[in-house]
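Biologist: Could you take one short loop position and look at it closely, and then follow the chain outward from there into whatever surrounds it? Please give the cut-offs behind each term as you use it.

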Amino acid sequence: MVSARRSGDEPDEDDFEIIEVYDSFQKVGEWRKPDGSQPNLRELGFEEEELCPPDLFSSMDPTDLSFSEATGNEGASFERSYHFAALVLWPKGRALAIVAHSAGLSTTLPLLDDLVRQWQQAEGDASSAARSDALELARHIEQQWPKSEWENSGLSRQGDTANFLTSLSCLGTVETAVEFIERVIIAGAYTKADNEALVRVLEQMSEAGRSELLDRLFRKKAVTCIDACADLLRKLTHVDYFQDKSATLGDFSSMLTVALPDVARAEKKGYRRPSACVVSPQLVVDLVAGIDPIDPYSASIVVEWLLTGPQDIDMDDVLLPAALDLNKLDGNQESASILHLIGTVRENLRQRIAEALESPADWSRPAKLTCHCSQCNDLSYFLANSMQSEWRYRAVQAKRSHMEATIRSSSCDIDYHTSKKGSPHTLVCRKNQNSYYSKGEQRKRDERDFAMLVQ
Ligand SMILES: [Zn+2]
């Protein structure tokens, strides 16, 4: 029999052939210096050509064998490991370059940190040797720092960008630090995790230099990274190295005030970049507490926008937690904006607490549903009916599932189960008092929060 392959046919066994894949890697680790001490150096990869004699591996017996069975999609794998001691020789003066080129930042950044510490603890010749080693390694790290914004964003979040900047500022290489900030943070990725290190580098700069750098940072990042900018501004209100803090930081306060509606608009339209932030309670606290000491007028604009702006910033999820945090700040009683925000949130709570809270007098329950199809209309009538506590909905599974989905998505005051007597089965719906109970829980939270805001 002859079978012809047609496009779209399922492949059969004869279409595949079994092949073997060989893969290998080699690395050197568990380092010891000639004096027996253990350097802060992780595993480094190497090429077989670097071995002496070159065919060393061919005469080695494996020290470890492991065999894994084939699964449905994968073939079996057979691994052989070879371990042996090695004497590693590097050309004098090239050690750091070799490490920097063979290892990633997870190895070189801790090593740089070590070298900086050695330099800080050493004296005399040893001190200058440690410093020049640290500077050389820093240069290699800077040259090899990833270019992509995506990678830089990860490095920033996990604190690697800040660690490198801190090493640079410890070494006093402010120019290199500033170039790095321009290239990696301003033109690349910026997160809150960079800020401690940024504040430290700014301290070592001239007044004019730090103003220019901050200007470029805020112009570029005020909208896309407003959370990091607001956190930085708030940190800068606590430093004492500005000659005239209000004059220098005033422009940046205005930039954030203007950026806030843009951030919220971009978010609402759904084209917000992942690196940009939402209007979170922390952002509200950082903005108000950061801007107010510098520029009370801008702070009042921010608070007014938060309370009455077109974006409907959520009272319970955003403004209440922010007000509770701002309420704990030292000196908040002197800020008209903070008092206005706290007062509005408190009034909102007061009104909700004043609402009557009574258990349902009959069997009618809230009947607003997420779906308005004819089946769900029947559910809505049942919910509104003050005399009926139970409803038996006999229907095929698809219809019952749809009804269950509406009950869940509309948070109906209904407990339900399926009775499997007869065909089709029956969805048995019984009314409960969940809305009343959750209002009671809400009332307890409101009273607690109100008491805290009154203090
Ligand atoms: Zn429906």
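Modeller: Ser-411 counts as partly exposed because 13 C-beta neighbours lie inside 10 Å; a residue is buried with 20 or more other C-beta atoms within 10 Å of its own, exposed with 12 or fewer, and partly exposed in between, the C-beta atoms being placed from the backbone. This is a predicted model, in which local features need pLDDT of at least 70 and side-chain atom pairs count only at pLDDT 80 or more, while totals for chains, interfaces and linings use all residues. Residues are numbered from 1 along each chain as its sequence is written.

Ser-411 is not a glycine, yet its phi is positive, at about 50 degrees. The residue sits in the loop that leads from helix 16 to strand 6, where helices (H or I, at least four residues) and strands (E, at least two) are DSSP runs numbered from the N terminus. Helix 16, covering residues 397-409, lies across strand 5, strand 6 and strand 7, and runs at about 165 degrees to strand 6; such angles go from 0 to 180 degrees between N-to-C directions, with axes fitted to C-alpha atoms, for helices over the stretch in contact.

The sheet under discussion is an open one of 3 strands, in the order 5-7-6 and with antiparallel pairing, two strands being paired if DSSP finds at least two bridges between them. Its edges are strand 5 (390-394) and strand 6 (414-419), each of which pairs on one side only. On average, and ignoring direction, neighbouring strands of this sheet are turned by 20 degrees against each other. Strand 5 is joined by 5 bridges to strand 7 (residues 426-431), and the two run antiparallel; within that pairing, Arg-392 stands opposite Val-428 of strand 7. The loop between strand 6 and strand 7 holds Pro-424, which is joined to Ser-423 by a cis peptide bond with omega of about 0 degrees.

A second cis peptide bond can be set beside that one: it joins Cys-52 and Pro-53, with omega of about -5 degrees, and Pro-53 belongs to the loop between strand 2 and strand 3. Strand 3 (64-68) has 5 residues, of which the number buried is 0, so this strand lies largely in the open. Its partner is strand 4 (residues 77-81), to which 5 bridges join it in an antiparallel arrangement, and Asp-64 has Ser-81 as its bridge partner in strand 4.

For comparison with Ser-411, Glu-30 also deserves a look: this residue has a positive phi of about 50 degrees although it is not a glycine, and it is found in the loop between strand 1 and strand 2. Glu-30 counts as exposed because it has 10 C-beta neighbours inside 10 Å. The loop between strand 1 (27-28) and strand 2 (44-45) also contains Gln-38, which is exposed, with 9 other C-beta atoms within 10 Å. Leaving aside neighbours within four places in sequence, Gln-38 is in contact (C-beta atoms, placed from the backbone, within 7 Å) with Trp-31 and Arg-32. From Gln-38 to Leu-326, 288 residues apart along the chain, the C-alpha separation is 49 Å.

The helices complete the picture. Helix 12 (residues 296-308) packs on helix 14 (residues 336-354) at an angle of about 15 degrees, with the axes 8 Å apart, and the two are therefore roughly parallel; angles under 35 degrees count as roughly parallel, over 145 as roughly antiparallel, 65 to 115 as roughly perpendicular and the rest as oblique. The crossing is right-handed, that is, the near helix is turned clockwise from the far one by less than a right angle, whereas anticlockwise would be left-handed. Residues of helix 12 including Val-303 and Leu-307 meet residues of helix 14, among them His-340 and Leu-341. By class, this contact of helix 12 with helix 14 has 7 nonpolar, 4 polar and no charged residues, where Ala, Val, Leu, Ile, Met, Phe, Trp, Tyr, Cys and Pro are nonpolar, Asp, Glu, Lys and Arg charged, and the others, Gly among them, polar.

Helix 9 (residues 226-236) and helix 11 (residues 281-291) have axes that come within 8 Å and cross at roughly 40 degrees, which makes helix 9 oblique to helix 11. Their crossing is left-handed. The residues of this contact of helix 9 with helix 11 divide into 7 nonpolar, 1 polar and 4 charged.

Note on methods
Two residues are in contact if their C-beta atoms, placed from the backbone, lie within 7 Å.
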